Amino acid sequence: NPGGHRDGTALTALFHSPQGLCFLQPPSQSVQDFPPTLLVADTKNHCLRAVLFSPQTLVAQSVVTVAGRAGKTIWRDGEACRAFLNEPAGLSVDKAGNVLITESGGHRLRWFWSPDLRAHAM
């Protein structure tokens with residue numbers, strides 16, 4: 001599969017060179033109330049993607065784009081839905097839910113502040 005970009009169900013979603021993975025921890029102890037979210041650095045799509053899980057079964061249900069746009073190799077800070085990424089590669093999440101992203105194409109460290117997920121270059 002040469003890859004592609006498609007949000008959708010866990011079975012129909014497409015990625016292009018996903019590299020970094022990390023889990024956002026639920027804000028409470030109850031996984032039933034807040035199931036974990038797997039973040040994916042979809043490198044060649046220039047996107048941060050989220051795999052969402054069912055709270056009842058903890059099975060992956062859907063994939064959504066959180067930040068960036070497929071095919072756009074520029075960068076822009078701002079709210080995650082308006083931010084652009086340039087080949088995100090590595091991911092890390094701190095205890096407060098802030099997301100640190102390394103951009104291999106943009107040669108930057110990007111920080112998405114929780115809870116509003118606003119992007120900032122470091």
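**Notebook: P88, N45 and the salt bridges**

I looked up P88 first and recorded it as buried, because its relative accessibility is 1%, below the 20% cut-off. The model I am reading is predicted. I placed P88 in strand β7, which covers residues 88-93. I then checked its surroundings: beyond its sequence neighbours up to four places away, P88 touches A41, D42, T43, H46, C47, I101, T102 and E103. I also noted a C-alpha separation of 8.9 Å between P88 and P18, which are 70 residues apart along the chain.

I turned next to N45, in the loop between β3 (37-42) and β4 (47-53). N45 counts as buried because its relative accessibility is 5%. I found its side chain 2.8 Å from the backbone oxygen of G4. G4 is also among the residues that N45 touches, together with H5, L14, F15, H16, R69, A70 and G71.

I then searched the whole structure for salt bridges and obtained 7. One of them pairs D42 with R49, with the closest N and O atoms 2.6 Å apart. I list both D42 and R49 as buried.

Another salt bridge joins D77 to R110 at 2.9 Å between the closest N and O atoms. This pair links distant parts of the chain, 33 residues apart: D77 sits in the loop between β5 (60-68) and β6 (78-79), and R110 in strand β9 (residues 108-113). I recorded D77 as partly exposed at 31% relative accessibility, whereas R110 is buried at 0%.

I also logged a salt bridge between the side chains of E79 and R82, at 2.6 Å from N to O. Tracing shared partners, I found that salt bridges join D77, E103, R108 and R110 into one network.

Definitions and conventions. Residues numbered from 1 in each chain as written. Predicted model: local features only at pLDDT ≥ 70, side-chain atom pairs only at ≥ 80, totals over all residues. Heavy atoms only, no water. Helix = DSSP H or I, 4+ residues; strand = E, 2+ residues; numbered from the N terminus. Buried < 20%, exposed > 50% of the residue type's maximum accessible area, 1.4 Å probe, protein only. Contact = heavy atoms within 4.5 Å. Polar contact = N/O pair within 3.5 Å; in protein donor to acceptor, adjacent residues only side chain to side chain. Salt bridge = Lys/Arg side-chain N within 4 Å of Asp/Glu carboxyl O.
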